[in-house]
Amino acid sequence: MSEKKMTSSRRHHLKSLILGIAKDLLVAEEKQVVEDRVRYMEEKCPPLSLPSSLQELQNLCKELHQKIDVADEERYDLSVKVTKGEKEIEDLKIKVQDLIGKFKKPALKKVRMSADAMLQALLGSKHKVSLDLRANLKQVKKEVKEEDKEAVGDWRKNIEDKSGMGGRKKMFESEA
């Protein structure tokens, strides 16, 4: 058999009890954080007593500067450690991607661009480049050979002249 369902009033009552307990826990946690902060500040920053003489004041300043230098060194060391860890994480992520071998390829859209627009997109808007592909092409004039016109005239004569070994020799001589 299925479990018995809770009535809405019972569910609402339980929900309000859970929310009340959670609220009390949050208030206690906030108090604990404030107490921890006060305790830490008392440990790390003792109350400041300003000396009356100039020499004692200079010594206090020197001590404070030394403490500041130590704190800066620790901060720098920790930041270097964090960046090194982040680089290692990135490298490991790349290795995992390589091992899996599944790269999500985005769906590419067809884009119609002219050559000028493509060059402008690649080189930026500063460069004004016009690409006229036909301007760079060589113009070739077709030369009609006179031999072709003569060859068309009497084909039987050409065949008889080129037949046999002598004809091949004539063919090579005429080309050279």
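**An all-helix chain, element by element**

The count of disulfides in this predicted model comes to zero, going by a cut-off of 2.5 Å between cysteine sulfur atoms. As a reminder, a disulfide is a covalent bond that joins the sulfur atoms of two cysteines. Two of the cysteines can be placed by their exposure. Cysteine 45 has a relative accessible area of 44%, so it counts as partly exposed. Cysteine 61 is also partly exposed, because its relative accessibility is 39%.

As for the overall layout, the protein chain has six helices and zero strands. Going along the sequence, the pattern simply reads α-α-α-α-α-α. Very little of this chain is tucked away: of its 176 residues, just 1% count as buried. The accessible surface of the protein chain comes to about 18,700 Å², and 58% of that is supplied by carbon and sulfur atoms.

Helix α2 takes in residues 54-100, and its length can be checked with simple arithmetic. With 47 residues at 1.5 Å a residue, α2 should span 69 Å, and its end C-alpha atoms do sit 69 Å apart, so the two values agree. Both ends of this helix have something to look at. At the start of α2, serine 53 reaches over with a side-chain oxygen, which comes to within 3.4 Å of the backbone nitrogen of glutamate 56. After the other end comes glycine 101, with a positive phi near 75 degrees.

Salt bridges are next, and a search of the whole structure turns up two of them. One pairs arginine 39 with aspartate 36, whose side chains meet at 2.9 Å, N to O. These two residues belong to helix α1 (residues 8-44) and are three residues apart, so about one helical turn separates them. An α-helix has 3.6 residues a turn, so residues three or four places apart point the same way. Neither partner is hidden: arginine 39 is partly exposed because its relative accessible area is 42%, and aspartate 36 is partly exposed because its value is 31%.

The other salt bridge links aspartate 72 and arginine 75, with 3.9 Å between the closest N and O atoms. That distance falls within the 4 Å cut-off, so the pair counts. Here the setting is helix α2, where aspartate 72 and arginine 75 again sit three residues apart, about one turn of the helix. The two partners land in separate exposure classes. At 35% relative accessible area, aspartate 72 is partly exposed, while arginine 75, at 54%, is exposed. The dividing value is 50%, which is why arginine 75 gets the exposed label.

Finally, there is a nonpolar patch on the surface, formed by Val111, Met113, Met118, Leu122 and Leu123. Together these residues offer about 520 Å² of accessible area. One of them, leucine 123, lies in helix α3, which covers residues 115-123. Leucine 123 has a relative accessibility of 43% and so counts as partly exposed. Patch members need over 30% relative accessible area, so leucine 123 clears that bar.

How values were computed. Residues numbered from 1 in each chain as written. Predicted model: local features only at pLDDT ≥ 70, side-chain atom pairs only at ≥ 80, totals over all residues. Heavy atoms only, no water. Patch = residues over 30% accessible without salt bridge, like charges linked within 9 Å, V, L, I, M, F, W, Y side chains within 5 Å. Areas by Shrake-Rupley, 256 points an atom, 1.4 Å probe, with all protein chains shown as cover. Helix = DSSP H or I, 4+ residues; strand = E, 2+ residues; numbered from the N terminus. Buried < 20%, exposed > 50% of the residue type's maximum accessible area, 1.4 Å probe, protein only. Expected span 1.5 Å × (residues − 1). Polar contact = N/O pair within 3.5 Å; in protein donor to acceptor, adjacent residues only side chain to side chain.
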